[in-house]
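Colleague: Could you take me through one part of this model in detail, namely the charged side chains that pair with one another? I would like to know where they sit and how they are linked.

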Amino acid sequence: MFDKIAGRALVPVGIVVTGFLVVCFVLLYAAIKQVVIRDSILQANNLAGIVLKSTRYAMMKSDAELNRAIIQNISAQSGVQHVRIFNKKGVVAFSSKPEEVNRQVDKKAEGCVMCHEKEAPVSTLGSMEKARQFKNAAGEGVLAITAPIYNDPECANAACHFHPASQKVLGTLDIGLSQEATQGALASIKIQMLIFSLLTLVLTVAGVITLLKMIVLVPMRKLQEYTERSERNSEALRPTNLPYELDKIAQSYYFIRVKLNEIEQEPFKPVNNAAACRNK
């Protein structure tokens with residue numbers, strides 16, 4: 001196959017088109033995945049803000065029971081893996097899992113190290129910096145948001161509050177959301193993109209093959225058949241509707257065959273040796 005012009009023309013085209021589509025597929029999927037994950041993080045941050053606002057009133061009133069009820073209700077929602085609130089010392093004050101209450105959290109843990117990696121803890125985080133992704137004990141993907149609970153002026157000035165105004169952060173909210181829906185959406189997008197890429201590859205290669213066949217391969221086959229017929233029959237007619245370059249080749253071959261036929265048809269004239277010797 002590779003010793004024919006069809007194979008040498010079609011195989012590289014197929015390889016180039018396939019490579020181009022693979023690169024486009026990888027880059028496009030990476031961009032879509034980044035957008036989907038970013039949107040998931042923004043939604044998780046919005047949910048964390050809702051939780052903070054929901055527990056704000058209970059914290060202002062120092063109502064622990066109301067806080068526990070709010071956290072339990074939120075954790076009962078579909079897709080919520082855990083909800084917990086740490087105090088300034090890193091001790092779990094409220095949690096959707098009762099066994100975690102009063103447990104000390106390691107500041108070098110995945111969700112804490114981004115704030116506590118330096119001697120002075122970071123008190124302000126961007127929306128993307130609050131997020132972390134990991135797998136839980138069941139092997140499920142979890143997107144967790146760690147949001148600081150700030151000491152607003154009304155908190156510091158409240159009669160029931162014991163935090164001084166100089167304390168900027170009172171604690172931390174940690175909420176984990178299941179990534180099952182997001183991963184399912186990404187898997188569906190990947191399958192759809194793969195099917196689309198395969199269809200595009202098949203249609204592109206088929207279109208290129210058809211065009212090459214119509215524009216190049218068929219005219220060259222006509223030229224080849226013409227030269228082969230001319231070897232057997234000198235009166236063979238030139239093929240019509242050839243591209244300009246191939247038509248010029250056929251015309252040149254035709255004129256060469258005509259000249260050869262004329263030479264072959266001329267009578268043989270013997271050379272007079274005596275006359276030739278006198279001329280010398």
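Modeller: What follows is a close look at the salt bridges and the residues that form them. This is a predicted model, in which local features need pLDDT of at least 70 and side-chain atom pairs count only at pLDDT 80 or more, while totals for chains, interfaces and linings use all residues. Residues are numbered from 1 along each chain as its sequence is written, and side-chain values use heavy atoms, with hydrogens and water left out.

The structure holds four salt bridges, a salt bridge being a side-chain nitrogen of Lys or Arg within 4 Å of a carboxyl oxygen of Asp or Glu. In one of them, glutamate 100 meets arginine 84 at 2.9 Å, N to O; glutamate 100 belongs to the loop between strand E2 (92-95) and helix H3 (113-116), and arginine 84, 16 residues apart from it, to strand E1 (residues 80-87). Helices (H or I, at least four residues) and strands (E, at least two) are DSSP runs, numbered from the N terminus.

Arginine 84 also pairs with aspartate 174 at 2.6 Å, N to O, and because aspartate 174 lies in strand E5 (residues 169-178), this bridge ties together parts that are 90 residues apart in sequence. Aspartate 174 in turn meets arginine 132 at 3.1 Å, N to O, with arginine 132 placed in strand E3 (residues 131-135), 42 residues apart from aspartate 174. Through shared partners, Arg84, Glu100, Arg132 and Asp174 are thus joined into one network.

As for burial (under 20% relative accessible area is buried, over 50% exposed, partly exposed in between; 1.4 Å probe, protein chains only), aspartate 174 is buried at 2%, glutamate 100 is buried at 11%, arginine 132 is buried at 12%, and arginine 84 is buried at 13%.
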